[in-house]
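Q: Could you take a close look with me at one part of this model, the place where two helices pack, and then follow its cysteines and the aromatic pairs elsewhere?

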Amino acid sequence: MEELLLALPAGQESRGGQFGLTPAHMAYRIGSGPRLLGIQLPASLRGGLMMVDCRDFDGQGDPTGCCRQILGECRRRGFHGVVCDFEGPPTGCLPRMVDILSHNCASQGWKLYVPEAYAPHASTARILIPSCLTSGTLERRLRAALGHYPPERLALAVEWVREDFLLPAVGRGAPLTQATLEEQLHRLEPAVFFDRGLCAHYYTYMAPGGQAHFVLFDTSRSIREKLSVAQRLGLAAALLPGPEVEGCLEEIFGPS
């Protein structure tokens, strides 16, 4: 892959550089106006990419000034790209924002990453395809995206999933903490399987009252498998969740 990104909370140290990972700093947000809001980063921090979310933003306003702030912060920090961590469907001025950023990042030689829903609004951006599935296969999902976009425009957005679903599993499940997952595995002692299509581990159990549950979760092995599928299909990049994978980088990127 051309670029492996590691999403890091503001100012967090990481060993990712030892494994060829580029930090994407989770320190920025779109606020009302819109305007760029940021968490204080060390003055010495330079390089990597800016990661921006839009949580609680109402979508109102002209995005031009906010785009200037984003591009100015990239120049000031020596960032070489922007990750738009925008959840949900395109809202308000956000499509116009990614359109402006797409053209300006391209002219600077920077990379812009956007969710798949924003792809029609960002003609030069890399498109983030989420790794979490409850049916089908990851390869089929990525091949479907490749039917619409060339591989150099696609990036796998790797999620470290721990979710509990009611069967039949639809949409997203209830998130579990690592501690809750470990307690449940210890208490229930379920048969755990690895689904090669989903590239994830799973087990089932019956809750009191007879309701069937399905638990899907990731480990270093499943993350490695997801990256392997993306690599084999020629995707240009991947974005990994730093807080979850930091402790197992050797297992993910070390020798097989």
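A: Happy to; here is the helix contact, followed by the cysteines and the aromatic rings. This is a predicted model, in which local features need pLDDT of at least 70 and side-chain atom pairs count only at pLDDT 80 or more, while totals for chains, interfaces and linings use all residues. Residues are numbered from 1 along each chain as its sequence is written, and side-chain values use heavy atoms, with hydrogens and water left out.

Let's start with helix α1 (residues 64-77) and helix α2 (residues 94-108), which pack at an angle of about 35° with their axes 10 Å apart. Helices here are DSSP runs of H or I with at least four residues, and strands are runs of E with at least two, numbered from the N terminus. The axes are lines fitted to C-alpha atoms over the stretch in contact, and angles run from 0 to 180 degrees between N-to-C directions. The crossing of α1 past α2 is right-handed, that is, the near helix is turned clockwise from the far one by less than a right angle. On the α1 side, the contact (heavy atoms within 4.5 Å) is made by Thr-64, Cys-66, Cys-67, Ile-70, Leu-71 and Arg-75. Facing them from α2 are Met-97, Ile-100, Leu-101, Asn-104, Cys-105 and Gln-108. Eight of these residues are nonpolar, three polar and one charged; Ala, Val, Leu, Ile, Met, Phe, Trp, Tyr, Cys and Pro count as nonpolar, Asp, Glu, Lys and Arg as charged, and the others, Gly among them, as polar.

Now for the cysteines: the whole structure has zero disulfides, a disulfide being a pair of cysteine sulfur atoms within 2.5 Å. For Cys-105, the closest cysteine sulfur is in Cys-74, 6.2 Å away and too far for a bond. Cys-105 is buried at 1% relative accessible area, where buried means under 20%, exposed over 50% and partly exposed in between (1.4 Å probe, protein chains only). Cys-93 is buried too, at 6%.

Finally, the structure holds eight aromatic pairs. Rings of Phe, Tyr and Trp (its six-membered ring) pair if their centres lie within 6.5 Å, with planes under 30 degrees apart stacked, over 60 edge-to-face and the rest tilted. One of the pairs, Phe-19 with Phe-253, is tilted, at 6.2 Å centre to centre and 35° between the planes. Phe-19 lies in the loop between β1 (3-9) and β2 (21-31) and Phe-253 in helix α7 (residues 249-253), so this pair ties together parts 234 residues apart in sequence.
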